[in-house]
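Here are some questions and answers about how certain labels are earned in this structure. Each answer sets a value against the rule behind the label.

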Amino acid sequence: MIHLLLFCGEPFDCDLGTMMHTGLYRAEIAATLILSDINNVREEVMCRVSDFTAAKAVLASQMYGAGKSGITISLKRSAGTELARTPDKRMRSTDSMEEAEVTAVPIRSAGSLNDTCVRSRRRGRGDGLGCTLQCGDVEENVLLVSRSLRLNLTLLKNVQTLRKHVVDYCFLDDWNYAHNEQLVYYNRHAALTRANMLTMLPDVSLCDAVIECWSMLMNRLETDEYDFQRMSFFGIGHMEYLNQLLQSADQTTQDDTILDNLYEMWDLYIQDSQDVFNLNADLLFVPFNIEGHFACVCFNSKAGTIDLLDHQLHPDPNKSKICKLASLIGSALSDYLESKGIDRGSEMVMFEHRQIKLPWQSSSPNLPESGLFTMMHMLMYDGNPFDNEDLRRKISRRYLVFQLTAALILADINTIRDEVVGKVNQFLVEKDDIWTRVHAQRKINKIIKKK
């Protein structure tokens with residue numbers, strides 16, 4: 001930006017080499033962009049700045065006008081050291097009220113995702129979700145910063161300390177931690193930034209990249225558990241071509257290039273899976289996303305069925321886009337397997353289509369949580385209907401969100417895991433200062449909202 005401003009065809013010199021001056025330039029450029037005459041919303045922004053300034057004055061008088069409260073709270077870190085901080089009484093009373101409201105909700109205690117959700121179906125290495133890292137003991141008195149975790153303290157009561165800190169770091173709502181910071185890297189097509197991970201939160205629509213990584217992790221788990229891979233999971237990078245397939249389904253002639261592109265995408269996914277994908281598996285999972293609605297098709301060779309796993313019931317399959325796409329995927333995968341010389345590919349066209357009935361299904365779609373349901377269906381389905389108490393209850397599903405988030409980041413196949421854990425450790429060192437800053441900003445936002 002400075003180069004665009006200063007360069008006039010000849011080399012030039014300015015004090016960009018010092019960190020202090022670059023920080024000053026950042027602030028000046030930000031102010032210039034907002035205050036320029038061509039900014040059509042400048043007057044509206046200035047009104048908000050006036051409210052913001054007034055709110056800061058109110059907050060300053062609350063925090064510093066009456067002096068310090070003298071209350072010291074001991075906070076234990078995972079390393080065993082104790083830090084003390086002296087917050088304002090008003091700040092502390094607000095925290096306690098939030099925590100009391102959440103604590104009143106009865107939640108079944110749970111040790112790990114393997115204990116609560118998988119019901120001993122998957123007994124992989126380490127935690128059962130591909131992590132052999134020691135995540136420490138369970139500590140209840142852990143300072144958490146991110147709002148999503150602070151509002152669900154009871155759910156995290158029996159979660160291992162490292163997992164809490166990793167999820168807290170992942171869901172930080174602090175401008176000092178960039179949304180484009182990479183937290184997961186399995187391969188070139190399976191990677192996640194903080195912005196991607198934030199779509200895991202309740203009431204937010206999941207992004208396709210999370211399902212892509214989840215499929216890769218499921219393939220790795222299956223390979224680690226069994227000599228013969230019973231299940232294989234496709235990614236979701238094929239959605240462009242599946243949508244084209246759905247749109248062209250009613251046409252009299254079908255464009256073969258759509259199927260060619262789809263098969264090429266599947267070839268690429270299997271190639272990137274690094275020998276952890278088996279087209280001869282008994283169960284082949286194909287997740288998909290239609291207009292924010294996630295679901296999954298499972299090709300069950302043992303039962304001779306094509307099973308639709310969805311949180312929504314479809315009483316009339318002929319009127320459902322989901323069921324229609326599931327049928328199209330069945331035909332496409334049948335041709336694909338046959339082209340790979342797999343005998344049962346030709347048999348799949350005769351497979352019975354069925355909707356698997358699950359206790360948490362409803363007649364109306366739940367788009368924000370459809371991604372979570374699909375991830376759990378992929379994890380737990382073994383060809384037979386199943387039940388899970390945590391999926392039945394909305395508040396318990398938040399617990400699953402936190403555990404699946406930790407699983408994605410702490411998995412052994414995450415090539416940048418050690419780097420992320422190092423950043424989490426640094427985050428713990430600075431946590432008191434971060435919490436003070438974040439909490440103050442939240443109070444300012446509340447005051448502005450009231451005004």
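Q: Why is Ile34 called partly exposed?
A: In this predicted model, Ile34 has a relative accessible area of 38%, and because partly exposed covers what lies between under 20% for buried and over 50% for exposed, Ile34 is given that label.

Q: What makes Ile34 eligible for a nonpolar surface patch?
A: A patch takes residues with over 30% relative accessible area, and Ile34 stands at 38%. The patch of about 560 Å² is made by Met1, Leu33, Ile34, Leu35, Met46 and Val49; α2 (19–35) and α3 (42–65) are the elements that each give two or more residues. Helix α2, where Ile34 has its place, gives the largest share, three residues.

Q: How do you know that Glu264 counts as exposed?
A: Its relative accessibility is 55%, and exposed means over 50%, so Glu264 meets the cut-off. Glu264 lies in helix α11 (residues 256–272) and forms a negative surface patch with Asp255, Asp256 and Asp260.

Q: Why is the pair of Phe234 and Trp266 called tilted?
A: The ring centres are 5.1 Å apart, where pairing requires them to lie within 6.5 Å. The planes stand at 40°, and since under 30 degrees would be stacked and over 60 edge-to-face, the pair is tilted.

Q: What makes Phe234 and Trp266 buried?
A: Buried means under 20% relative accessible area, and Phe234 has 0% while Trp266 has 1%, so both count as buried.

Technical notes: Residues numbered from 1 in each chain as written. Predicted model: local features only at pLDDT ≥ 70, side-chain atom pairs only at ≥ 80, totals over all residues. Heavy atoms only, no water. Patch = residues over 30% accessible without salt bridge, like charges linked within 9 Å, V, L, I, M, F, W, Y side chains within 5 Å. Areas by Shrake-Rupley, 256 points an atom, 1.4 Å probe, with all protein chains shown as cover. Salt bridge = Lys/Arg side-chain N within 4 Å of Asp/Glu carboxyl O. Helix = DSSP H or I, 4+ residues; strand = E, 2+ residues; numbered from the N terminus. Buried < 20%, exposed > 50% of the residue type's maximum accessible area, 1.4 Å probe, protein only. Lys, Arg positive; Asp, Glu negative; His and termini not counted. Charge placed at Lys NZ, Arg CZ, Asp CG, Glu CD. Phe/Tyr/Trp six-rings, centres within 6.5 Å; stacked < 30°, edge-to-face > 60°.
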